[in-house]
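Open the model in your viewer and keep the selection box ready. Each stop below tells you what to select and what is there.

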Amino acid sequence: MFKKVLIANRGAIACRVIRTLHRMGIASVAVYAEPDRHSLHVLQATERVLLKSYLDIDAVLDAATSTGAQAIHPGYGFLSENAEFAEACEAAGIAFIGPTPQQMRDFGLKHTARALAAANGVPLLPGTGLLAGAEEACIEAQRIGLPVMLKSTAGGGGIGMRLCRNLDELAESWASVERTSRASFKENGIYLEKFVERARHVEVQIFGDGAGNVIELGERDCSVQRRNQKVIEETPAPGIDATELRACAVCLGKAVNYRSAGTVEFVCDADAAKFYFLEVNTRLQVEHGVTEEVTGTDLVEWMVRIAAGEALPARPENKGHSIQVRVYAEDPGKNFQPSAGILTQAEFPANARVETWVERGTEVTPFYDPLLAKIIVKAQTRAEAISKLTEALADTGFGGIETNLNYLAQIAASAQFAQGGVVTNFLNTFPYRAHTIEILDGGTMTTVQDYPARLGYWNVGVPPSGPMDSLSFRIGNQLLGNEE
């Protein structure tokens with residue numbers, strides 16, 4: 001077993017990996033960029049190394065070598081699906097805690113992953129191989145049937161894809177998708193795929209030992225999305241018999257002797273009750289926690305043990321229902337505008353699993369993904385899990401910046417979510433109500449104070465600062481039906 005592992009990542013996933021390593025008795029090394037100098041993953045690690053960028057392969061390897069780390073866990077995002085990075089680790093004699101470089105290449109480009117799926121009998125949506133240009137795309141779109149998704153073969157997270165309902169939109173979107181793909185992924189391959197109007201996004205967690213043994217640990221429903229980005233995930237998927245999906249995922253994993261954690265994603269046609277292969281993520285997913293909750297496993301520990309040469313554990317039994325919400329630093333009342341600043345409050349529920357990298361006083365910068373925390377609940381039934389989630393969100397609080405916390409609470413309380421089986425365009429028409437006040441111009445001496453005043457803060461230099469009289473706001477609250 002390894003004695004020291006470097007985490008080539010930041011944020012909640014870095015904290016998550018560090019927690020597991022320490023529980024296993026393994027020392028941790030955190031790399032960090034300057035904006036993250038006060039992040040919890042830096043404070044919690046055994047050792048820490050400053051980098052200019054999380055994407056600098058040479059610098060990450062130098063940090064591992066200089067600290068004596070024997071392995072690197074890539075987390076998700078950044079270098080986690082970079083085959084060149086995995087090869088560089090192996091060349092340096094450092095274990096890469098994840099799939100093999102070839103497996104990353106097999107599944108890293110969506111058009112090659114489609115070919116693998118087709119070769120192994122996994123159902124595919126009507127689509128194309130790589131296209132030469134917009135003209136060919138228009139011809140193929142007419143063959144497939146509109147609407148279609150124009151997709152970059154590289155990347156993920158909803159980046160590099162565009163829904164096209166007619167040929168004019170397709171022609172106009174080609175240059176944009178090609179430009180985004182080249183800028184984000186250094187890859188300009190583009191293909192088409194038939195668009196499913198009422199789709200559910202369901203994925204299967206797989207795990208392999210690299211020697212042909214692959215197991216699945218259940219499916220996750222990730223259909224609650226905004227702009228192709230997942231917002232809420234749960235397992236098991238409500239109202240779906242996922243037996244065939246699970247079997248297809250294992251078949252695909254065995255076809256390449258898959259090693260470590262991976263996720264096979266499917267799109268399910270809610271009207272036709274059919275499913276189709278979407279892509280494979282050769283890494284740990286953001287939503288892996290719900291699978292851990294219902295299986296009683298630690299997938300990070302599994303990844304470490306497999307990388308150290310240990311045997312694949314037996315498949316655990318899935319029990320109960322688990323739901324995760326993603327808390328983002330963004331303002332739903334302003335079209336989800338990103339928010340940055342100092343957290344003056346960071347309160348988390350006692351009745352839920354919380355994965356976060358922030359605490360009160362943390363500076364949330366605009367430089368990275370706005371994910372602040374993942375709130376995960378588990379119960380015996382889905383209804384109980386939703387109830388528990390509602391309580392957990394009510395017990396969560398952030399101050400100093402805007403978050404999507406109220407947005408999540410309204411989704412969790414909605415009748416559509418309670419019924420289960422929502423489709424991926426559910427949030428497009430979700431009637432969010434922002435219970436906030438926007439200060440357009442505060443003036444030089446404008447304050448809003450309530451009765452009886454801010455008492456008990458003289459010791460930190462805050463005077464009582466109450467209302468100008470003791471009745472006006474109280475009467476106003478009575479007229480509005482508010483608490484006093």
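**Stop 1: the end of a helix**

Select Gly 145. This glycine comes just after α7 and takes a positive phi of about 105°. Keep in mind on the whole tour that the model is predicted.

Step on to Leu 146 and Pro 147. A cis peptide bond joins the two, with omega about 0°. Pro 147 belongs to the loop between α7 and β6.

Now select helix α7 itself, residues 134-144. Which of its residues are buried? They are Ala 137, Cys 138, Glu 140, Ala 141 and Ile 144. Add β6 (148-152), α8 (167-185) and β8 (190-194) to the view: the buried residues of α7 pack against these elements.

Stay with Glu 140, which lies in α7. Show its side chain together with that of Arg 143. A polar contact of 2.7 Å joins the two side chains. Then look beyond the neighbours within four places in sequence. There Glu 140 is in contact with Thr 128, Leu 131 and Leu 192.

**Stop 2: a second cis bond**

Go to Thr 235 and Pro 236. The peptide bond from Thr 235 to Pro 236 is cis, with omega near -5°. Pro 236 sits in the loop between β11 and α9 (243-255).

**Stop 3: two helices that cross**

Select α3 (residues 57-67) and α4 (residues 83-91). Their axes come within 11 Å and cross at roughly 30°. The crossing of α3 past α4 is right-handed. Which residues make the contact? From α3, show Ile 57, Val 60 and Leu 61; from α4, show Phe 85, Ala 88 and Cys 89. The contact divides into 6 nonpolar residues, no polar and no charged.

**Stop 4: two positive phi angles outside glycine**

Select Phe 78, in the loop between β4 (71-73) and α4. Phe 78 is not a glycine, yet its phi is positive, about 50°. Is Phe 78 buried or partly exposed? Its relative accessible area is 34%, so Phe 78 counts as partly exposed.

Next, select Ser 260. This serine is in strand β12 (residues 259-269). Its phi is near 80°, again a positive value in a residue other than glycine. Ser 260 is buried, because its relative accessible area is 1%, and buried means under 20%.

**Stop 5: a glutamine in a strand**

Select Gln 225 in strand β10 (residues 214-226). Gln 225 counts as buried because its relative accessibility is 6%.

What does the side chain of Gln 225 reach? Show His 201: the two side chains make a polar contact at 2.9 Å. Then show the backbone of Cys 222. Its oxygen lies 2.8 Å from a polar atom of the Gln 225 side chain. Widen the selection, leaving aside the neighbours within four places in sequence. Gln 225 is then in contact with His 201, Lys 230, Val 231, Thr 424 and Leu 427.

**Stop 6: the nonpolar cores**

Keep Leu 427 on screen. Which residues of the largest nonpolar core touch the most other members? They are Val 224, Ile 232, Ile 323, Leu 372, Phe 398, Ile 411 and Leu 427, out of 38 residues in that core. Colour β11 (229-235), β14 (321-328), β21 (371-379), α12 (382-394) and α13 (405-412). Each of these elements supplies at least two residues of this core.

Zoom in on Leu 372. Outside its neighbours within four places in sequence, Leu 372 has contacts that include Val 327, Tyr 328, Trp 357, Val 358, Phe 398 and Ile 401.

Now change the selection to Val 17, Phe 207, Leu 217 and Val 286. They are among the 30 residues of a second, separate core.

**Stop 7: a threonine in a loop**

Finish at Thr 365, found in the loop between β20 (363-364) and β21. Buried or exposed? Thr 365 counts as buried, because its relative accessibility is 11%. Leaving aside neighbours within four places in sequence, Thr 365 is in contact with Pro 35 and Ala 340.

For a last look, add Asn 82. Thr 365 and Asn 82 are 283 residues apart along the chain, and their C-alpha atoms are separated by 25 Å.

Definitions and conventions. Residues are numbered from 1 along each chain as its sequence is written. This is a predicted model: local features need pLDDT of at least 70, side-chain atom pairs count only at pLDDT 80 or more; totals for chains, interfaces and linings use all residues. Side-chain values use heavy atoms; hydrogens and water are left out. Axes are lines fitted to C-alpha atoms, for helices over the stretch in contact, and angles run from 0 to 180 degrees between N-to-C directions. Helices (H or I, at least four residues) and strands (E, at least two) are DSSP runs, numbered from the N terminus. A crossing is left-handed if the near helix is turned anticlockwise from the far one by less than a right angle, and right-handed if clockwise. Contact means heavy atoms within 4.5 Å. Ala, Val, Leu, Ile, Met, Phe, Trp, Tyr, Cys and Pro count as nonpolar, Asp, Glu, Lys and Arg as charged, and the others, Gly among them, as polar. Buried means under 20% relative accessible area, exposed over 50%, partly exposed in between (1.4 Å probe, protein chains only). A polar contact is a pair of N or O atoms within 3.5 Å; within protein, one must be able to donate a hydrogen and the other to accept it, and residues adjacent in sequence count only if both atoms are side-chain atoms. A nonpolar core is a set of buried Ala, Val, Leu, Ile, Met, Phe, Trp, Tyr and Cys residues joined through side-chain atoms within 4.5 Å.
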